[in-house]
Amino acid sequence: MQKENEIVEVETLPLQEKEQHEYWMQKALELADKAESLGEVPIGAVIVFDGKIIGQGYNLRETEKRALAHAEIQAIEEANQYLGAWRLEGATLYVTLEPCPMCAGALINSRVETIVYGASDIKSGCAGTLMNLPMDSRFNHEARVIRGIKAKECGDKLSTFFKKLREKRKKEKVMNRIVDK
Ligand SMILES: [Zn+2]
């Protein structure tokens, strides 16, 4: 039995609900690919309301030179515009990587009902890993958190990106050494 104040783990979901979440997470993964094609860390997010996507975003931190250009923030802004309202009550946010403190805070402020994420983030995850801001009952709004949807795919996308980046940097270093000589 799932307790109300606990994170919902993917393994505990009924198959049909799990598949539903996987369908939307796939859309978020496709947005992560867009980020990657721009040389950005591949993270994507969608907001679903009434069975359709009303907001989407992907990491654009380098492209826009903005510390706030996280996938979730853009998705929230689009959803606000779509609904003509700041409140996202009844909406679900899907993101490939666990929200950071900024995005977890923004999601609380948006009143989103459910947060679904793929991979956990051991370095800055604030929806269950380092902290669990969206489910902290001291805030005036709480969101339900579901984690682990397509977690491997979401995590692999990130680790492959960083592996390629390290290889590229290594190659550049070698090239610079050759040029120096
Ligand atoms: Zn963030």
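How many bridges join strand β2 to β3, and in which sense do the two strands run? Select residues 44–49, which form β2, together with β3: the two strands run antiparallel and are joined by 6 bridges. Within this pair, Gly 44 stands opposite Tyr 58 of β3. The model on display is a predicted one.

**The sheet as a whole**

Now select every strand. The 6 strands form an open sheet with mixed pairing, and the order across the sheet is β1-β6-β5-β4-β2-β3. The edges are held by β1 (8–9) and β3 (52–58); each has a single partner strand, so one side of each is left without a neighbour in the sheet. Next, add helix α1, residues 15–37, which packs on the sheet. Helix α1 touches β2, β3, β4 (92–97), β5 (114–119) and β6 (144–147), and its direction makes about 140° with that of β2.

**Across the sheet, from β2 to β1**

Return to β2 and select β4 beside it. Here 4 bridges join the two strands, which run antiparallel. Val 46 can be centred to view this pairing, as it stands opposite Tyr 94 in β4. Colour β4 by burial: the strand is mostly covered, with 6 of its 6 residues buried.

Proceed from β4 to β5. This pair is parallel, with 5 bridges. Val 95 is a suitable residue to select, and Tyr 117 in β5 stands opposite it.

Continue to β6, which pairs with β5 in the parallel sense over 4 bridges. Select Thr 114, whose bridge partner in β6 is Arg 144.

The last step in this direction is β1, which is joined to β6 by 2 bridges, again in the parallel sense. Val 8 and Ile 146 of β6 stand opposite one another. When side chains are displayed on the strands, one general point helps in reading them: in a regular strand the side chains alternate between the two faces of the sheet.

**Helices α3 and α4**

Select residues 71–83, helix α3. This helix lies across β2, β3 and β4 and runs at about 145° to β3.

Then select residues 101–110, helix α4. Its buried residues are Cys 103, Ala 104, Ala 106, Leu 107, Ile 108 and Ser 110. What do these buried residues pack against? Their partners are α3, β4 and β5. With β4, α4 and β5 displayed together, a right-handed β-α-β unit can be traced. Just after α4, stop at Arg 111, which takes a positive phi of about 65°.

**The pair α1 and α5**

Display α1 with helix α5, residues 151–180. Their axes come within 11 Å and cross at roughly 10°. At that angle, which is under 35 degrees, α1 is roughly parallel to α5. To see the contact, select Leu 29, Ala 32 and Glu 36 in α1, then Glu 153, Cys 154, Lys 157 and Phe 161 in α5, which they meet. By class, this contact has 4 nonpolar, no polar and 3 charged residues.

**Two lysines with positive phi**

Select Lys 65, in the loop between α2 (61–64) and α3. Its phi is positive, about 50°, although the residue is not a glycine. Is Lys 65 buried or exposed? With 8 C-beta neighbours inside 10 Å, Lys 65 counts as exposed.

Move next to Lys 150, in the loop between β6 and α5. Phi of Lys 150 is also positive, near 50°, in a residue other than glycine. Lys 150, however, is buried, with 25 other C-beta atoms within 10 Å.

**A final stop at Glu 6**

Finish in the segment before β1 by selecting Glu 6. Glu 6 counts as partly exposed, because 14 C-beta neighbours lie inside 10 Å. Add Gly 128 to the selection and draw the C-alpha to C-alpha distance from Glu 6: the separation is 9.5 Å in space and 122 residues in sequence.

Note on methods: Residues numbered from 1 in each chain as written. Predicted model: local features only at pLDDT ≥ 70, side-chain atom pairs only at ≥ 80, totals over all residues. Pairing = 2+ DSSP bridges. Contact = placed C-beta atoms within 7 Å. Axes fitted to C-alpha atoms, helices over the stretch in contact; angles between N-to-C directions. Buried ≥ 20, exposed ≤ 12 C-beta atoms within 10 Å, placed from the backbone. Right-handed = clockwise from strand over helix to strand, strands pointing away. Parallel < 35°, antiparallel > 145°, perpendicular 65-115°, else oblique. Nonpolar A, V, L, I, M, F, W, Y, C, P; charged D, E, K, R; others polar.
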